[in-house]
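Subject: Handing over the structure

Hello,

Here is the structure I promised to pass on to you. Please open it first, and then read on for what turned up in it.

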Amino acid sequence: MSLIQDRIMEELRKWRKKPLFGFYARPSRNRQGVRDMKNWECGIPGKAGTMWEGGLFKMLMIFPDGRLTLLQFTQNNPDQS
């Protein structure tokens with residue numbers, strides 16, 4: 001495993017020990033079902049008491065060469081979880 005992948009795994013371990021309620025971040029899975037550490041699915045909950053309350057704002061984090069270079073919000077559909 002590369003130095004970058006080691007760092008990402010370390011951050012994932014920290015996240016799992018002390019997650020933030022309602023937030024999620026996890027590696028995507030490729031067609032074979034193997035975790036792809038360069039592509040992550042994430043979600044940020046809307047803050048209570050604001051117009052975003054109850055929303056879940058999904059995004060993709062892409063690490064093409066080992067560092068964060070692309071952050072893309074995905075369309076939020078309230079009918080899907």
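**The largest pocket**

The largest pocket has a volume of about 330 Å³. It is lined by 17 residues, and those closest to its centre are Glu11, Ala25, Trp40, Met61 and Phe63. Please keep in mind as you look around that this is a predicted model.

Which elements build the lining? H1, E1, E2 and E3 each contribute at least two residues to the lining of the largest pocket. The largest share comes from H1, with 6 residues. By residue type, the lining of the largest pocket has 13 nonpolar, 2 polar and 2 charged residues.

Two of the residues closest to the pocket centre, Trp40 and Phe63, make a good pair to find on screen. Phe63 and Trp40 are 23 residues apart in sequence, and their C-alpha atoms are 8.5 Å apart in space. Phe63 sits in the loop between E3 and strand E4 (70-73). Is Phe63 buried or exposed? Phe63 has a relative accessible area of 10%, so it counts as buried.

**The chain as a whole**

To place these elements, it helps to step back. The protein chain has 1 helix and 4 strands, and along the sequence they follow the pattern α-β-β-β-β. Of its 81 residues, 20% count as buried. If you take the contacts between residues at least 6 apart in sequence, 16% of them join residues at least 24 apart.

**How the strands pair**

E1 and E2 are antiparallel partners, with 6 bridges between them. One place to see this pairing is Tyr24, whose bridge partner in E2 is Gly43. The hairpin of E1 and E2 has 5 residues between the strands, and in this hairpin Gly33 takes a positive phi near 85°.

On to the next pairing: E2 is joined to strand E3 (residues 56-62) by 7 bridges, and these two strands also run antiparallel. Here you can look at Glu41, whose bridge partner in E3 is Leu60. Glu41 will come up again below, this time through its side chain.

**The salt bridges**

How many salt bridges does a search of the whole structure find? The search finds 3. As background, side chains of opposite charge can pair when their charged atoms come close.

Start with Glu11, one of the residues closest to the centre of the largest pocket. Its side chain meets that of Arg7 in a salt bridge, at 2.9 Å from N to O. Both residues belong to helix H1 (residues 3-17), where they are 4 residues apart, about one turn of the helix. Glu11 is partly exposed, with a relative accessible area of 34%. Arg7 has a relative accessible area of 51%, and because exposed means over 50%, Arg7 counts as exposed.

The helix holds another such pair. The side chains of Glu10 and Lys14 form a salt bridge with an N to O distance of 3.7 Å. Why can these two residues reach each other along the helix? Glu10 and Lys14 are 4 residues apart in H1, so about one helical turn separates them. Glu10 is partly exposed at a relative accessible area of 36%, and Lys14 is partly exposed too, at 46% relative accessibility.

The remaining salt bridge takes you back to the strands. Arg26 forms a salt bridge with Glu41, and their closest N and O atoms are 3.7 Å apart. This pair links distant parts of the chain: Arg26 is in strand E1 (residues 24-29) and Glu41 is in strand E2 (residues 35-45), 15 residues apart. Arg26 is partly exposed, with a relative accessible area of 41%, and Glu41 is also partly exposed, with 31% relative accessibility.

**Where to look first**

If you only have a few minutes, I would begin with Glu11, which is among the residues closest to the centre of the largest pocket and also shares a salt bridge with Arg7. After that, turn to Glu41, which has Leu60 as its bridge partner in E3 and forms a salt bridge with Arg26.

Happy exploring, and do write back with any questions.

Best wishes

Notes
Residues numbered from 1 in each chain as written. Predicted model: local features only at pLDDT ≥ 70, side-chain atom pairs only at ≥ 80, totals over all residues. Heavy atoms only, no water. Salt bridge = Lys/Arg side-chain N within 4 Å of Asp/Glu carboxyl O. Buried < 20%, exposed > 50% of the residue type's maximum accessible area, 1.4 Å probe, protein only. Pairing = 2+ DSSP bridges. 1 Å grid on protein atoms, 1.4 Å probe; cavity = no way out; pocket = protein on both sides within 12 Å on 5 of 7 lines; lining within 4 Å. Points joined across faces, edges and corners; volume = space filled by probe spheres on them. Nonpolar A, V, L, I, M, F, W, Y, C, P; charged D, E, K, R; others polar. Contact = heavy atoms within 4.5 Å.
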